[in-house]
Amino acid sequence: MAYQFKVKLEGTSKPPVWRRLLVPESYSFYQLHLALQGAFGWYNGHLFQFNDGWDGDLRIGIPDDFGVGMGDELDEDAEKINIKEVFRHEKQKLEYLYDFGDSWTHLLTLEKITGEKVMQAQCLAGKGACPPEDCGGIPGYYMLIEAVNDPKNPEYEDMREWLGMEDDEKWDVHAFSLEEANARMMRHLQE
């Protein structure tokens, strides 16, 4: 069996940033995390957590060896719990929080459980370019969008240099490549 999820990056609009994934039922939450990293274009450089809301009873992630993040408050280790142990019915939702500083909150919705036999995660669809790592969360993302596409913005040069943009390059917030998302997912899952 396989699980089809729609995953939306909360706080994004014009365009909303989302991905649709199909993953094997045998995946752990850590493997799901790696698939999400690839599908969205993140670099897997920060802590993460799956939860059922801030006042909920379920927190799944990687234990934080240093005790400085939320990893020390986990209920389940993401490498040791399988997605089918938590996702039992369609329309079920969980939050996926990536980077506790920038607080990228994604809403995962289980759209359907299929009878398909899939061996690895696949990105089926998506919309919108993923914000760059460490840009300051949703507020920083929207300030960055304004800065890099407006030569009159005082942050224009610095932000373009930070992103490694060419002189004539525009940042297209609508850009999404299914091929690139799937290639990144494969790379992350082979790490």
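**A walk through the core, the sheet and the helices**

The largest nonpolar core in this model has 44 residues, and Phe5, Phe29 and Phe50 make the most contacts inside it. Keep in mind as you look around that this is a predicted model. Eight elements each give two or more residues to this core: strand 1 (2-9), strand 2 (17-24), helix 1 (29-40), strand 3 (48-51), strand 6 (93-98), strand 7 (104-114), helix 2 (137-148) and helix 4 (178-189). Helix 1 gives the most, with six residues.

Let's pause at Phe29. Setting aside its neighbours within four places in sequence, Phe29 is in contact with Phe50, Ile60, Ala78, Ile81, Asn82, Ile83, Val86, Phe87 and Leu94. Two of these contacts, Phe50 and Ile60, lead us into the sheet: Phe50 stands opposite Ile60 in strand 4. Strand 3 and strand 4 (residues 59-61) run antiparallel and are joined by three bridges.

Now step back to the whole sheet. The sheet is open, with eight strands in the order 5-4-3-6-7-1-2-8 and mixed pairing. Strand 5 (76-77) and strand 8 (122-127) stand at the edges with a single partner strand each, so one side of each has no neighbour in the sheet. Helix 1 packs on the sheet, where it touches strand 1, strand 2, strand 3, strand 4, strand 6, strand 7 and strand 8, and its direction makes about 140 degrees with that of strand 2.

Helix 4 lies across strand 2 and strand 8, running at about 135 degrees to strand 8. With twelve residues, helix 4 reaches 17 Å from its first C-alpha to its last, close to the 16 Å expected at 1.5 Å a residue. Which residues of helix 4 are buried? They are Ala181, Arg184, Met185 and His188. These four cover an arc of only 105 degrees around the axis, which puts them on the same side of helix 4. The general rule behind such a pattern is that an α-helix has 3.6 residues a turn, so residues three or four places apart point the same way. The cover over the buried residues of helix 4 includes strand 2, helix 1 and strand 8. On the other side of helix 4, Glu179 and Arg187 are exposed.

Finally, have a look at two loops. In the loop between strand 1 and strand 2 you will find Pro15, and the peptide bond from Lys14 to Pro15 is cis, with omega near 0 degrees. The loop between strand 6 and strand 7 holds Asp99, which has a positive phi of about 70 degrees although it is not a glycine. Asp99 is buried, with a relative accessible area of 5%. Ser103 lies in the loop between strand 6 and strand 7 and has a positive phi, near 55 degrees. Ser103 is partly exposed, with a relative accessible area of 37%.

Technical notes: Residues numbered from 1 in each chain as written. Predicted model: local features only at pLDDT ≥ 70, side-chain atom pairs only at ≥ 80, totals over all residues. Heavy atoms only, no water. Core = buried A, V, L, I, M, F, W, Y, C linked by side-chain atoms within 4.5 Å. Buried < 20%, exposed > 50% of the residue type's maximum accessible area, 1.4 Å probe, protein only. Contact = heavy atoms within 4.5 Å. Pairing = 2+ DSSP bridges. Axes fitted to C-alpha atoms, helices over the stretch in contact; angles between N-to-C directions. Expected span 1.5 Å × (residues − 1). Arc of directions from axis to C-beta.
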